[in-house]
Amino acid sequence: MADALLGPAEIRDLAARLGVAPTKKLGQNFLHDPNTIRRIVTAAGLTPGDVALEVGPGLGSLTLGLVGAVRHVHAVEIDPRLADALPGTVPAAHLSVHNADALHVRGADFDPAPTMLVANLPYNVAVPVVLHLLAELPTLRGGLVMVQKEVADRLVAGPGSKVYGIPSVKLAWYAQARSAGKVPPAVFWPVPNVDSGLVAFTRRTPPAGADRRAVFAVVDAAFAQRRKTLRAALAGWAGGAGRAEQVLVAAGVSPQARGESLTVEQFAAIAAAATTSPPGGKLSPSDAQPEEVDS
Ligand code: SAM
């Protein structure tokens with residue numbers, strides 16, 4: 001890791017010199033605490049052969065930590081002022097700066113191919129950025145991201161937890177995630193009014209049997225009406241509550257269960273059953289029951 005990391009005085013000087021006033025719209029809260037940078041780089045579990053992808057390098061606090069730890073760093077920054085200034089702050093031959101929106105980057109934009117995502121993410125787009133990058137960059141073997149604490153809790157939640165939802169299941173499709181700790185507001189400038197959390201993740205083989213888009217459609221439908229039983233919540237997706245029940249039974253999932261109790265494997269089994277179990281096939285005995293009305 002580079003010895004010279006940026007502290008509070010350096011961050012303010014740099015911002016003043018570049019004429020940068022942090023904007024809320026772009027989630028610009030810059031790290032000014034070298035200990036937090038060291039903590040992130042260590043917790044990321046990087047090896048010297050890794051190629052790091054950093055989304056939102058900002059003034060370069062974390063980038064300086066990353067260039068000392070890996071073989072190459074790709075930094076994707078949407079703000080042209082910050083992207084232009086980054087090579088001056090981090091003068092490393094193995095740094096590539098991409099002035100781009102991370103939500104729209106493609107695998108072909110990066111050479112060498114990134115192996116680890118390490119970022120203090122812009123909080124307003126954190127979840128879509130992580131999911132987009134995992135879909136777009138199969139070479140990513142894992143990562144460590146800092147997000148709003150509430151979002152971190154959601155990302156690592158398992159079935160049965162109150163905060164388990166769409167981000168939890170979709171991240172679980174790609175990776176095993178765990179909390180890597182909490183970060184206080186005081187390490188940022190400007191100071192945000194929320195706590196932050198670190199999420200570490202390791203890529204896994206996705207559940208077999210169904211296509212990602214098909215599985216994510218089931219997940220979206222199940223959580224759009226999370227208080228309803230799956231039989232009711234999936235009625236629109238399946239083309240009727242009876243058909244939803246038939247698919248759920250074929251998938252080995254109780255029609256009375258709710259989405260918040262299902263693993264990603266069970267969501268995949270439902271999507272798979274929708275294609276393998278023919279509509280109008282033999283109904284289960286419970287199909288004879290009247291349509292359930294639940295709120
Ligand atoms: N990594 C820096 C640090 O820790 O000090 C800055 C992190 S700050 C929370 C988020 C950064 O992401 C800002 O520099 C912001 O301009 C940038 N950003 C916001 N939206 C973005 C997007 N869609 N794509 C790429 N960068 C983005």
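In this predicted model, a polar side-chain atom of Glu54 lies 3.3 Å from a nitrogen atom of the ligand. Two backbone positions add to the picture. Leu31 places a polar backbone atom 2.8 Å from an oxygen atom of the ligand. Ile78 has a backbone N or O atom 3.3 Å from a nitrogen atom of the ligand. Taken alone, the ligand exposes 600 Å², and the protein buries 98% of that area.

The ligand occupies the space of the largest pocket. Two elements give two or more residues each to the surrounding shell: β1 (30-31) and β3 (72-77). The shell counts 22 residues. Those that come nearest are Leu31, Gly56, Glu77, Asp101 and Asn120. Leu31 thus appears twice, once among the nearest residues and once through its polar backbone atom at 2.8 Å from a ligand oxygen.

**From Glu54 to Thr63**

Glu54 also has a partner within the protein. Its side chain makes a polar contact of 2.7 Å with the side chain of Thr63. Glu54 therefore has a polar side-chain atom 3.3 Å from a ligand nitrogen and a side-chain contact to Thr63, a residue that counts as buried because its relative accessibility is 0%.

Thr63 belongs to helix α3, residues 61-67. Leaving out residues up to four places away in sequence, Thr63 touches Glu54, Pro57, Val73, Leu86, Val90 and Leu95.

Val73 is shared with another residue, Ser96. Ser96 sits in strand β4, residues 95-99. With the same sequence window left out, Ser96 touches His72, Val73, His74 and Ala75. Is Ser96 buried or exposed? Ser96 is buried, because its relative accessibility of 19% falls under the 20% cut-off.

**Residues at a glance**

The table collects residues with their elements and relative accessible areas.

| Residue | Element | Relative accessible area |
|---|---|---|
| Thr63 | α3 (61-67) | 0% |
| Ser96 | β4 (95-99) | 19% |
| Val41 | α2 (34-43) | 6% |
| Ala233 | α9 (230-233) | 4% |
| Thr202 | β9 (196-203) | 47% |

**Other positions along the chain**

Val41 lies in helix α2, residues 34-43. Val41 counts as buried because its relative accessible area is 6%. Its C-alpha atom is 8.1 Å from that of Leu62, and the two residues are 21 apart along the chain.

Ala233 lies in helix α9, residues 230-233. This residue is buried too, with a relative accessible area of 4%. Beyond its neighbours within four places in sequence, Ala233 is in contact with Ala221, Ala222, Gln225 and Lys228. How far apart are the C-alpha atoms of Ala233 and Thr42? They are separated by 43 Å, with the two positions 191 residues apart in chain numbering.

Thr202 is part of strand β9. Why does Thr202 count as partly exposed? Its relative accessible area is 47%, and the partly exposed class runs between 20% and 50%. Apart from neighbours within four places in sequence, Thr202 is in contact with Arg141, Gly142, Tyr174, Ala175 and Gln176. The C-alpha atoms of Thr202 and Arg178 are 9.0 Å apart, for a chain separation of 24 residues.

**Cis peptide bonds**

Most peptide bonds are trans. Two cis bonds deserve a look here. One joins Asp111 and Pro112, with omega about 0°. Pro112 is placed in the loop between β4 and β5 (116-120). Another joins Trp189 and Pro190, with omega about -10°. Pro190 is in the loop between β8 (188-189) and β9 (196-203). Strand β9 is also the strand that holds Thr202.

**The whole protein**

The protein has 12 helices and 9 strands. Its C-alpha atoms fill a box of roughly 75 × 35 × 30 Å along the principal axes. Of the 295 residues, 50% are buried. The accessible surface comes to about 13,000 Å², and carbon and sulfur atoms account for 56% of it. Among contacts with a separation of 6 or more, 70% link residues 24 or more positions apart.

Conventions. Residues are numbered from 1 along each chain as its sequence is written. This is a predicted model: local features need pLDDT of at least 70, side-chain atom pairs count only at pLDDT 80 or more; totals for chains, interfaces and linings use all residues. Side-chain values use heavy atoms; hydrogens and water are left out. Buried means under 20% relative accessible area, exposed over 50%, partly exposed in between (1.4 Å probe, protein chains only). A polar contact is a pair of N or O atoms within 3.5 Å; within protein, one must be able to donate a hydrogen and the other to accept it, and residues adjacent in sequence count only if both atoms are side-chain atoms. Contact means heavy atoms within 4.5 Å. A residue is near a molecule or strand if one of its heavy atoms lies within 4 Å of it. Accessible areas come from the Shrake-Rupley method with a 1.4 Å probe; for residues, only the protein chains shown count as cover. On a 1 Å grid over the protein atoms alone, a cavity is a set of points where a 1.4 Å probe fits but cannot get out, and a pocket is an open set with protein on both sides within 12 Å along at least five of seven lines; lining residues have an atom within 4 Å of a point. A molecule sits in a cavity or pocket if more than half of its atoms lie within 2 Å of its grid points.
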